[in-house]
Amino acid sequence: MPYGHIGSMRTKPGRRDDVVSILLSGVDGLRAAGCDTYIVSLSKDDDDMIWVSEVWQSKEDHDGSLQLPEAKAAISRSMPMLTGESTGQELI
């Protein structure tokens, strides 16, 4: 069954573009791991908010992607630029 996830993350001031660049750098690996749609969006009204919308072939594919070395590296590089404020919603 397809699995979706929509989430937001707040960056520290002035770091949004850096985080977006990191998020977009791994798109090819995500597709190979079963991601059908990966959209990184910017908030119109908040210069520090990023939204990510994903559609995966399955929840297992999504969960497995978080174990990829590239994903772990991207998370590690992004974390210091984030405030910790985030949201997430799973969808079917």
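These legends walk through several close-up views of one predicted model.

**View 1. The whole chain has four helices and four strands.**
Let's begin with the overall layout. Following the sequence from start to end, you meet the elements in the pattern β-α-α-β-β-α-α-β. The C-alpha atoms fill a box of roughly 35 × 25 × 20 Å along the principal axes. For 92 residues, a compact globule would have a radius of gyration near 12 Å, and the 13 Å of this chain agrees with that. Try looking for residues that meet across the sequence: of the contacts between residues at least 6 apart, 70% join residues at least 24 apart.

**View 2. The surface of the chain comes to about 5700 Å² of accessible area.**
Carbon and sulfur atoms account for 56% of that accessible surface. Looking inward instead, 38% of the 92 residues count as buried. Charges can be picked out too: there are 9 positive and 15 negative side chains. The centres of these two sets lie 5 Å apart.

**View 3. Helix α1 has a buried side and a face turned away from it.**
Helix α1 spans residues 16-25. Its buried residues are Arg 16, Val 19, Val 20, Ile 22 and Leu 23. Seen down the helix axis, these residues fall within an arc of 160 degrees, so they line one face of α1. On the face turned away from the buried side, you can find the exposed residues Asp 17 and Ser 25. Which elements cover the buried residues of α1? The cover includes strands β1, β2, β3 and β4, together with helices α2 and α4. To help you find some of them, α2 runs over residues 27-32, β2 over 35-42 and β3 over 49-56.

**View 4. Arg 16 is a buried residue of helix α1.**
Is Arg 16 buried or exposed? Its relative accessible area is 16%, and buried means under 20%, so Arg 16 counts as buried. Setting aside neighbours within four places in sequence, Arg 16 is in contact with Thr 11, Leu 42, Ser 43, Asp 46, Asp 47, Met 49 and Ile 50. For a sense of distance, look across to Tyr 38, which is 22 residues from Arg 16 along the chain. The C-alpha atoms of Arg 16 and Tyr 38 are separated by 17 Å.

**View 5. Val 20 also lies in helix α1.**
With a relative accessibility of 14%, Val 20 counts as buried. Which residues does Val 20 touch, not counting those up to four places away in sequence? They are Val 40, Leu 42 and Ile 50. Now find Ser 41, which is 21 residues from Val 20 along the chain. The C-alpha atoms of Val 20 and Ser 41 are separated by 8.6 Å.

**View 6. Pro 13 sits in the loop between strand β1 and helix α1.**
This loop follows β1, which covers residues 3-11. Pro 13 has a relative accessible area of 68%, and exposed means over 50%, so Pro 13 counts as exposed. Where is Asp 28 relative to Pro 13? The two residues are 15 places apart in sequence, and their C-alpha atoms are 28 Å apart in space.

**View 7. Tyr 3 has its place in strand β1.**
Tyr 3 is buried, with a relative accessible area of 6%. Leaving aside neighbours within four places in sequence, the contacts of Tyr 3 include Glu 54, Val 55 and Trp 56. Tyr 3 also contacts Ser 58, Lys 59, His 62, Glu 90 and Leu 91. Asp 61 makes a handy landmark here: Tyr 3 and Asp 61 are 58 residues apart along the chain, with their C-alpha atoms separated by 8.9 Å.

**View 8. Helix α4 has its buried residues on the same side.**
Helix α4 runs from residue 69 to residue 78, and its buried residues are Ala 71, Ala 74 and Ser 78. Why do they share a side? They cover an arc of only 65 degrees around the axis, which puts them on the same side of α4. The cover over these buried residues includes α1, α3 (59-65) and β4 (82-91).

Definitions and conventions. Residues are numbered from 1 along each chain as its sequence is written. This is a predicted model: local features need pLDDT of at least 70, side-chain atom pairs count only at pLDDT 80 or more; totals for chains, interfaces and linings use all residues. Side-chain values use heavy atoms; hydrogens and water are left out. Helices (H or I, at least four residues) and strands (E, at least two) are DSSP runs, numbered from the N terminus. The radius of gyration is taken over C-alpha atoms; the globule rule is 2.2 Å times the number of residues to the power 0.38. Buried means under 20% relative accessible area, exposed over 50%, partly exposed in between (1.4 Å probe, protein chains only). Contact means heavy atoms within 4.5 Å. Accessible areas come from the Shrake-Rupley method with a 1.4 Å probe; for residues, only the protein chains shown count as cover. Lys and Arg count as positive and Asp and Glu as negative; His and the chain ends are not counted. The place of a charge is taken as NZ of Lys, CZ of Arg, CG of Asp or CD of Glu. The arc is that of the directions from the helix axis to the C-beta atoms.
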